[in-house]
Amino acid sequence: MITIKSLVGFQILDSRGRPTVAVRIETTDGWYKSVAVPSGASTGAHEAVERRDHGGAFAEKFYGGNSVYGAVHIINTVIAPNIVGAVPDINEIDNAINNLDATTRHEVLGGNATLAVSLAGAYAAAHRANSSIARLLNPTGALLLPMPMVNILSGGAHAAGAMDIQDVLVIPHGAQNFEQALSWSVAIRECAAALGKERGFITNLVADEGGLGIPFSRTSDACAFLLEVIEKVGLKPESEVGIALDIAATQFYRDGQYHSRATKQSYSSSEWSALMLELIRDFPILSIEDPFAEDDWSAWSGFMSSLPRQLQVVGDDHFTTNLQRLQRGAKEASANSILIKANQNGLVSDTAQVLKAANANGFSTVVSARSGETADTWLVDLAVGWRAGQIKVGSTHGSERSAKWNYLLELEKFEETTFAQPFKK
Ligand code: PGA
Ligand code: ZN
């Protein structure tokens, strides 16, 4: 019987050069694997607690308080003794972690410590079954490859405020397969850089997720630019490529108002909602994420009930991959889609529960990377394993981004797959 021989946490760097938690797990038959957790910049208030040292006993001056030695210490001294010796099983390992820390936000252990162990456990469970995670969760039939949502223009916390909103992305929904979807996205990303340069913008500065930090002052200007780019590469904006926006509105919401740095104006929730509706009316936008601040619940529901057409309204900071918040959202019809980030939740199995509950309530699901990433590809394993239907990992620049895209290309090449068509009418 294969059991867990060792579980060792250690500190590594993410794509922003900030420390993050990794774990190496080894089983009694000699197999081992390392996994790494990512980290956000525009984090929601209701996310699992990310344990960083910040002046505490483990603080390391060279990392400006951001070291994660405390989280690593917790893995090695508190969690590992409860895991080593166990038969690898996703639910059993997560139960053991929940027994050590019953808080929803993993306040005792830290969500970065819990997720690292949970992911390592998932890989060990797959190894025990002589399988991949995707195949462990889908033993037979074609694997469902998710539709990508690809970042082209970046602003907000990921690009030093180049725009008020965080991302302008494309959804290549008319593509026949993943490879084609990715090739369209690359063409659009490169053409945006060339056209931006032609217009006199500095385009060699790449934002945290690999997008272009072009400082459009109005979101409508950014959308018009992207539309022009889509047409310039020979693709059709309505039927082949749609626009997605991540407004990340919590970032510029203070004292009940939405404050635009670009226009130097402030907007009430209803004024902001009117602006969002105007964008929906004027552009082929398929999906809009966090159009309102995380706790501005009435603005979310009001927006949903006044939508003039079909639109995916995604809660990221709004739901923080938290079951209670999702359930409230379903009850109040505040959105119709959820961003699934395992590190907002802190455990693989609890994240799967949120995804399941989302599907049960008719919500679409978009599995997402974070702005601070590593080259790890567990996100793809889980997105495919959960049949999430959509994935968002940033742009097509940066190895921590392309590692995920490349793994999807590999799955399409070597496994029996179908390509998700979440926007097919
Ligand atoms: P974050 O951004 O990882 O900085 O939170 C990603 C997103 O908002 O979707
Ligand atoms: Zn977001």
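**Arginine 387 comes after helix 12 and has a positive phi, near 55 degrees.** The model shown here is predicted: local features need pLDDT of at least 70, side-chain atom pairs count only at pLDDT 80 or more, and totals for chains, interfaces and linings use all residues. Residues are numbered from 1 along each chain as its sequence is written, chains are lettered from A and ligands numbered from 1 in the order written, and side-chain values use heavy atoms, without hydrogens and water. Helix 12 spans residues 378–385 and is mostly covered. Of its 8 residues, 8 are buried (under 20% relative accessible area; exposed is over 50%, partly exposed lies in between; 1.4 Å probe, protein chains only). The buried residues of helix 12 include the nonpolar Trp378, Leu379, Val380 and Leu382. Asp381, Ala383, Val384 and Gly385 of helix 12 are buried too. Helices are DSSP runs of H or I with at least four residues, strands are runs of E with at least two, and both are numbered from the N terminus.

**Three acidic side chains, Asp246, Glu289 and Asp316, coordinate the zinc ion (ligand 2).** The donor atoms are OD of Asp246, OE of Glu289 and OD of Asp316, at 2.1 to 2.3 Å. Donors are N, O and S atoms within 2.8 Å of the metal (3.2 Å for Na, K and Ca); water is not among the atoms, so sites may look incomplete. Along the chain, the donors of the zinc ion (ligand 2) follow the spacing D-x42-E-x26-D. Glutamate 289 sits in strand 11 (residues 285–289), and aspartate 316 sits in the loop between strand 12 (312–315) and helix 9 (323–332), so this pair ties together parts that are 27 residues apart in sequence. Glutamate 289 and aspartate 316 are both buried.

**Helix 2 crosses helix 11 at roughly 105 degrees.** Two packed helices are described by the angle between their axes and the distance between the axes. Helix 2 covers residues 90–100, helix 11 covers residues 348–360, and their axes come within 8 Å. Axes are lines fitted to C-alpha atoms, for helices over the stretch in contact; angles run from 0 to 180 degrees between N-to-C directions. Helix 2 and helix 11 are therefore roughly perpendicular (65 to 115 degrees; under 35 is roughly parallel, over 145 roughly antiparallel, the rest oblique). Helix 2 brings Ile90, Asn91, Asp94 and Asn98 to the contact, and helix 11 brings Val348, Ser349 and Asp350. Contact means heavy atoms within 4.5 Å. By class, this contact of helix 2 with helix 11 holds 2 nonpolar, 3 polar and 2 charged residues. Ala, Val, Leu, Ile, Met, Phe, Trp, Tyr, Cys and Pro count as nonpolar, Asp, Glu, Lys and Arg as charged, and the others, Gly among them, as polar.

**Helix 5 and helix 13 cross at roughly 150 degrees.** Helix 5 (residues 178–198) and helix 13 (residues 399–414) have axes that come within 9 Å. The two helices, 5 and 13, are therefore roughly antiparallel. Phe178, Glu179 and Leu182 of helix 5 meet Trp405, Leu408, Leu409 and Glu412 of helix 13. The residues in the contact of helix 5 with helix 13 divide into 5 nonpolar, no polar and 2 charged.

**Threonine 396 lies in the loop between strand 15 (389–392) and helix 13.** Its relative accessibility is 16%, so threonine 396 counts as buried. Not counting residues up to four places away in sequence, threonine 396 touches Val150, Leu182, Val186, Arg189 and Trp405.

**Glutamine 257 is in strand 9 (residues 257–260).** With 27% relative accessibility, glutamine 257 counts as partly exposed. Its contacts are Phe252, Ser266, Tyr267 and Ser268, leaving out residues up to four places away in sequence. Glutamine 390 is 133 residues from glutamine 257 in sequence and 31 Å from it in space, C-alpha to C-alpha.

**Lysine 264 has a positive phi of about 55 degrees, although it is not a glycine.** Lysine 264 lies in the loop between strand 9 and strand 10 (265–267). It is exposed, with a relative accessible area of 74%.

**Asparagine 130, also not a glycine, has a positive phi near 55 degrees.** The loop between helix 3 (111–128) and helix 4 (133–137) holds asparagine 130. Asparagine 130 is exposed, at 74% relative accessible area.

**UniProt lists "domain: Enolase N-terminal" (unreviewed entry) at residues 4–137.** Over residues 4–137 the chain is 37% helix and 18% strand, and the end C-alpha atoms are 20 Å apart. UniProt positions use the numbering given here, feature names are shortened, and annotations may be inferred rather than shown by experiment.

**UniProt gives residues 142–421 for "domain: Enolase C-terminal TIM barrel" (unreviewed entry).** Over residues 142–421 the chain is 39% helix and 20% strand. The end C-alpha atoms of this stretch are 14 Å apart.
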